[in-house]
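Subject: Structure handover

Hello,

Here is the structure I promised to pass on. My notes on charged pairs and one surface patch follow below it.

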Amino acid sequence: LYGLSVYPGVRLLSDMRICHITTVHKPFDGRIFHKECKSLAQGGHEVFLVAPAEKDELVDGVKLKAIRRISNPYKRIIIAPFIAFKEALKTHARVFHLHDPELLPAGFIVSLLGKKVIFDSHEHVGKQILSKTWIPTRFLRELASLTYNFFEKLFTVFYTGIIHADDNTNAFTHKKKVITIHNYPILSYIEDNTYQVIPKNSDIVLIYAGGLTRIRGIKEMVIAMRDIDARLWLLGPWESESYKNECEELQSWSRCDYYGEVPFGRQYDYFRAADIGMATLYPEKNYLKSQPVKAFEYMACGLAIVMSNFEYWKKLYGDFAYYVDPFSPDDIASKVNKIISEKDRLSEIRQAGIEKVKTEYSWEQESKKLLAFYETI
């Protein structure tokens with residue numbers, strides 16, 4: 001009854017025991033835990049989450065089953081799926097919901113045992129592999145990408161369902177099994193009245209939250225700050241200590257503030273205090289037709305947005321963003337200064353962005369699709 005009141009229009013045919021599995025993501029990952037697991041639990045199902053964590057615990061109706069984290073990517077691909085499925089099978093779940101590509105072979109075996117298996121493709125993995133710097137050469141990355149695409153399609157023939165996070169991550173041929181469940185922001189978190197007020201240390205604040213990696217254009221953002229009278233706030237993990245040092249050694253780093261990693265939902269405290277959200281990613285194949293959730297989060301928090309000038313992004317976000325060459329700190333600085341000078345128009349963009357997310361781009365709407373999808377299987 002509680003599930004029906006939260007998700008009107010969704011008729012629960014039966015309670016299911018569901019086990020989500022990840023060997024890569026953190027236990028309280030935004031999409032996996034806060035969106036999908038919690039929505040399914042609130043919808044009346046018994047939900048387990050097998051993930052790298054310190055201990056087993058019950059959080060917000062989700063039963064977390066801890067496994068050890070394996071940091072070496074080669075060992076993780078080989079060993080972690082066996083560890084994860086050994087724990088997952090103990091839950092006696094009817095449905096296994098997988099979140100990592102290395103789990104596909106084990107999921108195939110479990111599907112042959114009569115279990116229902118769902119693969120949740122957060123990104124277009126074949127394209128993502130092309131940017132993996134831990135694979136030493138471009139030839140090996142391309143070979144790994146082609147190999148992955150082949151086995152992805154092979155293994156998922158036997159799966160019950162396939163979820164992808166946007167309309168362009170789908171690399172599958174099994175169209176009848178596929179549904180898109182977008183990774184839109186949770187409005188109830190953004191509208192939470194108990195948020196912490198983050199003091200501003202400048203009249204204008206730029207912000208970026210996420211992985212602080214080279215291909216996400218962090219260094220170019222920092223360089224651009226030499227020509228912008230503002231502060232740049234950075235939240236998230238650095239890809240390496242060497243890249244962090246590379247950015248900190250820049251003269252314009254004096255206009256930057258690094259806040260580290262913050263728990264999911266708390267990033268909105270910083271967004272509310274900022275003025276301009278940054279998303280100047282490099283034109284990698286995996287990014288060119290992506291739908292970055294942070295852009296929708298920026299809109300929901302009333303921020304202006306500066307984004308890479310990808311043609312797909314221009315069509316998707318339209319007048320809600322300003323578009324730049326991600327390799328050009330001068331172009332980034334020019335567009336940011338233009339935003340600062342157009343304060344009247346900035347106010348209009350902010351309010352329009354908030355309304356757009358409320359009506360079209362919220363997790364509250366997507367969660368209904370998730371529950372309905374489970375009922376079909």
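**Salt bridges**

A search of the whole structure turns up 24 salt bridges. Keep in mind that this is a predicted model. Three of the pairs are described here, then a network.

Start with R226 and D330. They form a salt bridge, with 3.2 Å between the closest N and O atoms. This pair links distant parts of the chain, its partners being 104 residues apart. R226 sits in the loop between α8 (218–224) and β10 (231–235). D330 belongs to helix α14 (residues 329–341). How accessible is R226? Its relative accessible area is 47%, so R226 is partly exposed. D330 is partly exposed as well, at 48% relative accessibility. Both values fall short of the cut-off for exposed, which is over 50%.

Next, R266 and D269. Their side chains meet in a salt bridge at 3.2 Å, N to O. Is D269 buried or exposed? D269 is buried, with a relative accessible area of 3%. The reason is the cut-off: buried means under 20%. R266 has a relative accessible area of 29%, so R266 counts as partly exposed. This bridge therefore joins a partly exposed arginine to a buried aspartate.

The third pair is E311 with K314. Here the closest N and O atoms are 3.5 Å apart, and the two form a salt bridge. Both residues lie in helix α13 (residues 311–317). They are 3 residues apart, about one turn of the helix. E311 counts as exposed, because its relative accessibility is 52% and the cut-off is over 50%. K314 is partly exposed at 33%.

There is also a network. R17, E46 and K63 are joined into one by salt bridges that share partners.

**Nonpolar patch**

Now for the surface. Which residues make the nonpolar surface patch of about 470 Å²? They are Y74, I77, I78, I79 and W134. One of them, I77, is placed in helix α3 (residues 73–89). I77 has a relative accessible area of 37%, so this isoleucine is partly exposed. Residues in a patch need over 30% relative accessible area, and I77 meets that with its 37%.

**Where to look**

For a quick tour, go to R226 and D330 for the link between distant parts of the chain. Then view E311 and K314 within helix α13. Finish at the nonpolar patch that includes I77 and W134.

Best wishes

Definitions and conventions. Residues numbered from 1 in each chain as written. Predicted model: local features only at pLDDT ≥ 70, side-chain atom pairs only at ≥ 80, totals over all residues. Heavy atoms only, no water. Salt bridge = Lys/Arg side-chain N within 4 Å of Asp/Glu carboxyl O. Helix = DSSP H or I, 4+ residues; strand = E, 2+ residues; numbered from the N terminus. Buried < 20%, exposed > 50% of the residue type's maximum accessible area, 1.4 Å probe, protein only. Patch = residues over 30% accessible without salt bridge, like charges linked within 9 Å, V, L, I, M, F, W, Y side chains within 5 Å. Areas by Shrake-Rupley, 256 points an atom, 1.4 Å probe, with all protein chains shown as cover.
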